[in-house]
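Me: I'm new to reading protein structures, and I'd like to know where the labels come from. Can I go through one with you and keep asking why?

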Amino acid sequence: MTDVLRRGRASLAFGFFAQGVAFALLVTRIPAIQDRYGVSDALLPAFLAAVPVLAGVGSVGTEWLVRRVRPSRVLRWSQPVVLLALLGVGAGERMVELGIALAAFGLAVGALDASMNMLGVSLQRAYGRSIMLGFHAAYSLGGIVGASLAWVGAHGDLALVVSYLPVVVVLVPLALVGSRWYVDGGGGEGGGSGGGVGGPEAGGVVVFRVLLPLCLVMTFAYIGDATVSNWSAKYLQDVLGSSEQLATVPYNVYMVTTLVGRAVGDLGVRRFGAVAVVRGGAVVAAVGFAVVAGAPGAWVGMLGFTLLGLGLCVVVPQTFAAAGRMFPGASDVAVARLNVFNYVGFLVGSPLVGALGDAWSYRGAMLVPMVLVLVTVVYARSFEARVDRYGGGHERPHTVDVG
């Protein structure tokens, strides 16, 4: 394995880590952001929904952009924009400034998510074995670090700009330096892999009907993830009768188990194959939702959220990897389109559970994402290796471009 690929892998992992830090610092300080700008409870959902909507626009724009420039260049410049937009959220004073900063954050994060996963898919192809889960493990680690920094800022009653500035000052230069070693796949025009021509088997054209099962899996996985991130604390406190302090634990446990599962997940893919790992993850996640729905108390509920982290953590990275295998000549385009359904799931998940909880019961509401996650078992064959057979215990030579 060449030093070029090793450096590319390390620099991309750092990019995933930095993105995890930035996103966690934003979402975990939403109450402080609301207080700073005087955003009402009625207006807050509109601000929160705007970010994933604009991220979807950014992902679609990236599909167009990588036909002309390399994905590494999109990633190189979108990551600093995300971090600077985060700083703008903390430094502004008027509502319009918050809107501009969040719009920049959303558009840039869509481009960032898409281009990161494009490079991850092409690097996995170059390695000839599963490494995609490792990148998402770095993202989970960044999320834990970002959430911890947010707790320090909130505990110390620090202004948002004081909390965000040191992080941005450290991460922006490191991200720019690391971007020198990004590695693009040697695909079509502009350095991307979207320029080929051919049928679905050749991978030159992305046929949405073929990609649709993966889009559904991505959506259902993020509905599950949004359920945990938005409703775990309320569920534990209001339904299972926990204390306010204990109610903060499930999401932290979920993040840690997600990190652990992703850290070892590539070994499972190499040993058992992507189909078995995704199918097993979906079943574990469904059992987790069932445990949460039927939990007699808080500690059993936390066991359910632990199982959710271990199960859901493998699905998203393997969905991106499967899209790359399905369309090897147009993997960048496939990843960009698939990435949009990340935000669809995020937008649908929280309101869906909330509406069902109010109209029915929150225990019953937990059964809906359980059923949706189980649909992944039906579509597990879409994760089967076709052209690229990762996990053969060997590494193949592959032409790459250094971004």
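Me: Why is E384 called partly exposed, rather than buried or exposed?

Reply: Keep in mind that this is a predicted model. E384 has a relative accessible area of 38%. Buried means under 20% and exposed means over 50%, so E384, at 38%, falls in between and counts as partly exposed.

Me: What makes the contact between R381 and E384 a salt bridge?

Reply: The side chains of R381 and E384 meet at 3.7 Å, N to O. The cut-off is within 4 Å, for a side-chain nitrogen of Lys or Arg and a carboxyl oxygen of Asp or Glu. R381 is the Arg and E384 is the Glu, so the pair passes at 3.7 Å.

Me: How many salt bridges does the structure hold?

Reply: Six. One of them joins R6 and D3, at 3.4 Å from N to O. Both residues sit in helix α1, which covers residues 3–27, and they are three residues apart, about one turn of the helix.

Me: Is R6 buried, exposed or partly exposed, and how do you know?

Reply: Same kind of check. R6 has a relative accessible area of 43%, and since that lies between 20% and 50%, R6 is partly exposed.

Me: What about E63 and R67: what makes them a salt bridge?

Reply: Their closest N and O atoms are 3.6 Å apart. That is within 4 Å, so it counts. E63 and R67 are also linked with R337 in a network of salt bridges.

Me: Which label does E63 get, buried or exposed, and why?

Reply: E63 has a relative accessible area of 11%. That is under 20%, so E63 is buried. Its partner R67 has 38%, which lies between the two cut-offs, so R67 is partly exposed.

Me: What makes D157 count as exposed?

Reply: D157 has 69% relative accessibility, and exposed means over 50%, so the label fits. As for its place, D157 is in the loop between α6 (132–155) and α7 (160–178). Its phi is near 55°, a positive value in a residue other than glycine.

Me: Which residues make the nonpolar surface patch?

Reply: V53, V57, L107, V344, L347 and V348, with an area of about 410 Å². Helix α14 (331–359) gives the most, with three residues, and α3 (44–65) supplies at least two.

Me: Where does L107 lie, and what makes it fit for a patch?

Reply: L107 lies in helix α5, residues 95–127. A patch residue needs over 30% relative accessible area. L107 has 38%, so it clears that cut-off, and it is partly exposed.

Me: Why is G349 called buried?

Reply: Because its relative accessible area is 0%, which is under 20%. G349 is in helix α14. Its C-alpha is 9.9 Å from that of S229, although the two are 120 residues apart in sequence.

Me: And L87, is it buried or exposed?

Reply: L87 has a relative accessible area of 18%. Under 20% means buried, so L87 is buried. Its place is in helix α4, residues 71–91. The C-alpha atoms of L87 and S361 are separated by 39 Å, with their positions 274 residues apart along the chain.

Me: How many cavities of 30 Å³ or more are there, and what lines the second largest?

Reply: Two cavities. The second largest has a volume of about 30 Å³, and W231, K234, Y235, V239, Y362 and M366 line it. Helix α8 (208–239) has the largest share of that lining, four residues, and α15 (362–378) supplies at least two.

Me: How do the lining residues of the second largest cavity divide, and why is K234 the charged one?

Reply: They divide into five nonpolar, no polar and one charged. Lys counts as charged, so K234 is the one.

Me: Last one: why does Y362 count as buried?

Reply: Y362 has a relative accessible area of 18%, under the 20% cut-off, so it is buried. Y362 is found in helix α15, and its C-alpha is separated by 7.3 Å from that of Y235, 127 residues apart along the chain.

Methods:
Residues numbered from 1 in each chain as written. Predicted model: local features only at pLDDT ≥ 70, side-chain atom pairs only at ≥ 80, totals over all residues. Heavy atoms only, no water. 1 Å grid on protein atoms, 1.4 Å probe; cavity = no way out; pocket = protein on both sides within 12 Å on 5 of 7 lines; lining within 4 Å. Points joined across faces, edges and corners; volume = space filled by probe spheres on them. Patch = residues over 30% accessible without salt bridge, like charges linked within 9 Å, V, L, I, M, F, W, Y side chains within 5 Å. Areas by Shrake-Rupley, 256 points an atom, 1.4 Å probe, with all protein chains shown as cover. Buried < 20%, exposed > 50% of the residue type's maximum accessible area, 1.4 Å probe, protein only.
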